[in-house]
Amino acid sequence: MNILDKIVADKRKEVDLKKSLIPNSQLEQSVLFGRKGKSLTSALQKSNTGIIAEHKRRSPSKGTINQNTNVGQVAIGYENGGVSGMSVLTDIKYFGGSLEDLLLARTSVTMPILRKEFIISEYQILEAKAHGADVILLIAAVLTRTEIKTLSELAKSIGLEVLLEVHNEEELQKSIMPSLDMVGVNNRNLKTFKVSLETSKKLSNLISDDFVKVSESGISTIEAIQDLKQFGYQGFLIGENFMKTDNPGKSAAEFINKLKK
């Protein structure tokens, strides 16, 4: 069993427990459930930098990245730094995140926020909406085509945008459908954790222009982004590069300023 399989197995148990504690109806009655979301798709299309900055305390591949952050302060720093949107990890066991992180980020900023999570259930989409997310992530590696369709259509029906993440051509071909807004190519192989930007380049021509293209993982230089832009990418998900510093917001601002020059 690889790390992705372990995460998903644990996630199924976690979701079953949460469902027994907090019913769907309670999530749907949340103050934030009726909130009109912000569009990350539009923000990326209008931006000339396209940075989606992530809040991530740790990961299975890197261990501890930054355990000392206040997610609200990081969110404010990112927004002031000029990012197009923010990704918030909400997995507790493997990434040290939580739904409270999502809520804190939401109450601190107005920019679009992505709930970064291993979504395998409609329940998690209701959770995302109830805690202030604007976008959800669906990972093709852990979902069937039918599941992607069901989950993405539910998300759209309650006003959430959908970022689909793929790692290879096979995942891309099985997943493309009208209920997606963005297609993200993860440059990190989730089975080996090796990173290569060539993955984004290789898949770029296979992604229709109907979707905003996002490149994820392993992006740490201005040159990498300039290179990927030539392949049609408008969004760039960066986490570790900012989070490993003492002041992620300041790091993001400095990076974006250099990118603009």
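Which side chains meet in a salt bridge at 2.9 Å, N to O? To find them in this predicted model, select Glu-117 and Lys-11, whose side chains form that salt bridge.

**First stop: Glu-117 and its partners**

With the pair on screen, colour the elements on either side: Glu-117 sits in the loop between strand E5 (113-116) and H6, whereas Lys-11 belongs to helix H1, so the contact ties together parts that are 106 residues apart in sequence. Glu-117 has a relative accessibility of 1% and therefore counts as buried, and Lys-11, with a relative accessible area of 0%, is buried as well.

Keep Glu-117 selected and add Arg-115, with which Glu-117 forms another salt bridge, the closest N and O atoms being 3.3 Å apart. Arg-115 is buried, as is Glu-117. The count for the model comes to 17 salt bridges.

**Second stop: a salt bridge within helix H7**

Move next to helix H7 (residues 145-157) and show Glu-153 and Lys-149, which both lie in this helix, four residues apart, or about one turn of the helix. Their side chains form a salt bridge in which the closest N and O atoms are 3.0 Å apart. Glu-153 is partly exposed, with a relative accessible area of 39%, and Lys-149, at 43% relative accessibility, also counts as partly exposed. Elsewhere, salt bridges that share partners join Lys-11, Glu-14, Lys-18, Asp-91, Arg-115, Glu-117 and Glu-127 into one network, so it is useful to select these residues together before leaving the charged pairs.

**Third stop: from Lys-149 to Ile-51**

Leave Lys-149 displayed and select Ile-51, which is placed in strand E1 (residues 51-55). The two residues are 98 residues apart in sequence, and their C-alpha atoms are 27 Å apart in space. Is Ile-51 buried or exposed? With a relative accessibility of 0%, Ile-51 counts as buried.

**Fourth stop: Lys-129, a buried charge**

Now go to helix H6 (residues 122-130) and select Lys-129, which is found there. This lysine is buried yet has no salt bridge, and the nearest side chain of opposite charge, that of Asp-134, is 6.6 Å away. What does the side chain of Lys-129 reach at 2.9 Å? Display the backbone of Arg-35, and the partner appears: the side chain of Lys-129 reaches the backbone oxygen of Arg-35 at that distance of 2.9 Å.

**Fifth stop: the largest pocket**

Turn to the largest pocket, which holds about 560 Å³ of space. Its lining is made up of 33 residues, and those to select for a view of the centre are Glu-54, Lys-56, Lys-116, Arg-188 and Ser-217, which lie nearest to it. The elements that give two or more residues to this lining are helix H1 (3-21), strand E6 (135-139), strand E10 (233-238) and helix H11 (240-243). H1 supplies the largest share, three residues. Colouring the lining by residue class separates 15 nonpolar, eight polar and ten charged residues.

Stay at the pocket and centre the view on Ser-217, one of the residues nearest the pocket centre. Ser-217 is placed in the loop between strand E9 (212-216) and helix H10 (222-229), and its phi is positive, about 75°, although Ser-217 is not a glycine. At 16% relative accessibility, this serine counts as buried, the cut-off being under 20%.

**Sixth stop: the end of helix H8**

Select Ser-175 in helix H8 (residues 169-175), and show Glu-171 with its backbone atoms. A polar atom of the side chain of Ser-175 lies 2.5 Å from the backbone oxygen of Glu-171. Ser-175 has a relative accessible area of 0%, and is therefore buried.

**Last stop: Pro-178**

Finally, follow the chain into the loop between H8 and strand E8 (182-186), where Pro-178 is found. Is Pro-178 buried or exposed? At 81% relative accessibility, Pro-178 counts as exposed. To end the tour, add Asp-246 and draw a line between the two C-alpha atoms: Pro-178 and Asp-246 are 68 residues apart in sequence and 41 Å apart in space.

Technical notes:
Residues are numbered from 1 along each chain as its sequence is written. This is a predicted model: local features need pLDDT of at least 70, side-chain atom pairs count only at pLDDT 80 or more; totals for chains, interfaces and linings use all residues. Side-chain values use heavy atoms; hydrogens and water are left out. On a 1 Å grid over the protein atoms alone, a cavity is a set of points where a 1.4 Å probe fits but cannot get out, and a pocket is an open set with protein on both sides within 12 Å along at least five of seven lines; lining residues have an atom within 4 Å of a point. Grid points are joined across faces, edges and corners, and a volume is the space filled by probe spheres set on the points. Ala, Val, Leu, Ile, Met, Phe, Trp, Tyr, Cys and Pro count as nonpolar, Asp, Glu, Lys and Arg as charged, and the others, Gly among them, as polar. Buried means under 20% relative accessible area, exposed over 50%, partly exposed in between (1.4 Å probe, protein chains only). Lys and Arg count as positive and Asp and Glu as negative; His and the chain ends are not counted. A salt bridge is a side-chain nitrogen of Lys or Arg within 4 Å of a carboxyl oxygen of Asp or Glu. A polar contact is a pair of N or O atoms within 3.5 Å; within protein, one must be able to donate a hydrogen and the other to accept it, and residues adjacent in sequence count only if both atoms are side-chain atoms.
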